[in-house]
Amino acid sequence: MKFIAGNWKMNGSRAALQTMIDALRDVDTKNTVVLCVPYTMLGADAGRAALGAQDVSMHHHGAFTGEVSAEMLRDVNAKYVIVGHSERRQYHGETNDMVREKAAAAIAAGITPIICVGETMDEKQAGKTMAIIESGVRESVPENVDAPIVIAYEPRWAIGAGLTPTADEIAAAHTLIADTLKSMGLAGTPVLYGASVKGNNAAEIMSIPNVDGVLVGGASLKPDDFIPIITSVK
Ligand code: PEP
């Protein structure tokens with residue numbers, strides 16, 4: 001069984017989400033399916049999928065205009081939240097320390113964080129990929145986690161670019177993440193691959209050792225693109 005999550009980013013509408021939910025109802029799969037949608041679309045009856053958010057405040061309540069707390073996400077029945085997506089790190093200056101606090105806030109509210117880590121093109125070219133991935137996991141995962149979490153490895157240079165690392169590169173990254181999680185007492189934590197996953201490469205990517213599923217951006221917006229990814233593995 002694989003874990004397939006969509007990240008709608010700032011796209012879609014409640015009507016588009018309903019179309020997706022309706023299309024997913026008849027999909028024959030045992031895979032876990034999660035749709036991480038804009039805040040305004042949470043609260044829908046997601047049928048056989050679960051809904052998640054794409055960010056959460058590290059604060060619980062108070063004078064933080066525009067922020068949404070983990071308790072508020074739980075109030076609209078969100079089950080997951082992406083934290084530390086590369087676009088949050090790039091455009092909002094989010095650091096591993098901030099991501100860790102957001103993940104902790106989610107866990108405290110009973111929401112499963114999908115914690116993203118990955119290297120930029122500059123870091124890759126400087127030979128720092130493995131170091132960035134390992135420190136990303138060690139620093140972005142809260143201490144003494146006693147609830148489910150999910151990690152997503154997303155090479156930042158490949159997101160939305162139609163680029164993917166080689167199978168060997170993905171395998172090396174996922175093995176490192178699995179080993180790192182094990183050393184932190186978190187063996188068995190699902191590790192997703194994300195960046196330019198499509199219907200024509202999803203099965204191959206999910207056959208790589210230690211790849212427990214995928215985080216899908218652009219190809220999660222339309223049923224015709226997303227469903228083939230979900231059904232590409234049993
Ligand atoms: C993402 O934004 O998390 C992502 C994986 O995007 P894409 O699939 O479009 O590369």
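**Exercise 1.** In this predicted model, locate Glu94 relative to the helices around it, and decide whether Glu94 is buried or exposed.

*Solution.* Step one is the position in the chain: Glu94 sits in the loop that runs between helix 3 (86–92) and helix 4 (96–108). Step two is the accessibility. Glu94 has a relative accessibility of 5%, and the cut-off for buried is under 20%, so Glu94 counts as buried. Step three relates Glu94 to another part of the chain: Gly84 is ten residues away in sequence, and the C-alpha atoms of Glu94 and Gly84 are 6.7 Å apart.

**Exercise 2.** Place Asp55 in the chain, classify its accessibility, and state which side chain Asp55 contacts.

*Solution.* Begin with the loop between strand 3 (50–53) and helix 2 (70–75), where Asp55 is found. Next, take the relative accessible area of 12%. Buried requires a value under 20%; Asp55 is therefore buried. Finally, look at the side chain: Asp55 makes a polar contact of 3.1 Å with the side chain of Arg88.

**Exercise 3.** Describe the backbone and accessibility of Lys9, then do the same for Asn210.

*Solution.* Start with Lys9, in the loop between strand 1 (3–7) and helix 1 (14–25). Lys9 is not a glycine, yet its phi is positive, about 50°. Its relative accessibility is 21%. Partly exposed covers the range between the buried limit of 20% and the exposed limit of 50%, so Lys9 counts as partly exposed.

Turn to Asn210, in the loop between helix 8 (202–206) and strand 8 (213–216). Asn210, likewise a residue other than glycine, has a positive phi near 70°. With 34% relative accessibility, Asn210 counts as partly exposed.

**Exercise 4.** Characterise the surroundings of the ligand: which residues are closest, what kinds of residue form the shell, and what polar atoms lie by its oxygen atoms?

*Solution.* First, list the neighbours. The ligand is surrounded by 13 residues, and the closest are Lys9, Glu154, Gly160, Ser196 and Gly217. Second, sort the shell by type: four residues are nonpolar, seven polar and two charged.

Third, go through the short distances. An N or O atom in the His85 side chain is 2.8 Å from a ligand oxygen atom. On the backbone, an N or O atom of Gly160 is 2.6 Å from an oxygen atom of the ligand, and a polar backbone atom of Gly218 lies 2.9 Å from a ligand oxygen atom. Fourth, consider the cover: of the 290 Å² that the ligand exposes when taken alone, the protein buries 97%. Last, identify the site: the ligand takes up the space of the second largest pocket.

Terms used. Residues numbered from 1 in each chain as written. Predicted model: local features only at pLDDT ≥ 70, side-chain atom pairs only at ≥ 80, totals over all residues. Heavy atoms only, no water. Near = heavy atom within 4 Å. Polar contact = N/O pair within 3.5 Å; in protein donor to acceptor, adjacent residues only side chain to side chain. Areas by Shrake-Rupley, 256 points an atom, 1.4 Å probe, with all protein chains shown as cover. 1 Å grid on protein atoms, 1.4 Å probe; cavity = no way out; pocket = protein on both sides within 12 Å on 5 of 7 lines; lining within 4 Å. Sits in = over half its atoms within 2 Å of the grid points. Nonpolar A, V, L, I, M, F, W, Y, C, P; charged D, E, K, R; others polar. Helix = DSSP H or I, 4+ residues; strand = E, 2+ residues; numbered from the N terminus. Buried < 20%, exposed > 50% of the residue type's maximum accessible area, 1.4 Å probe, protein only.
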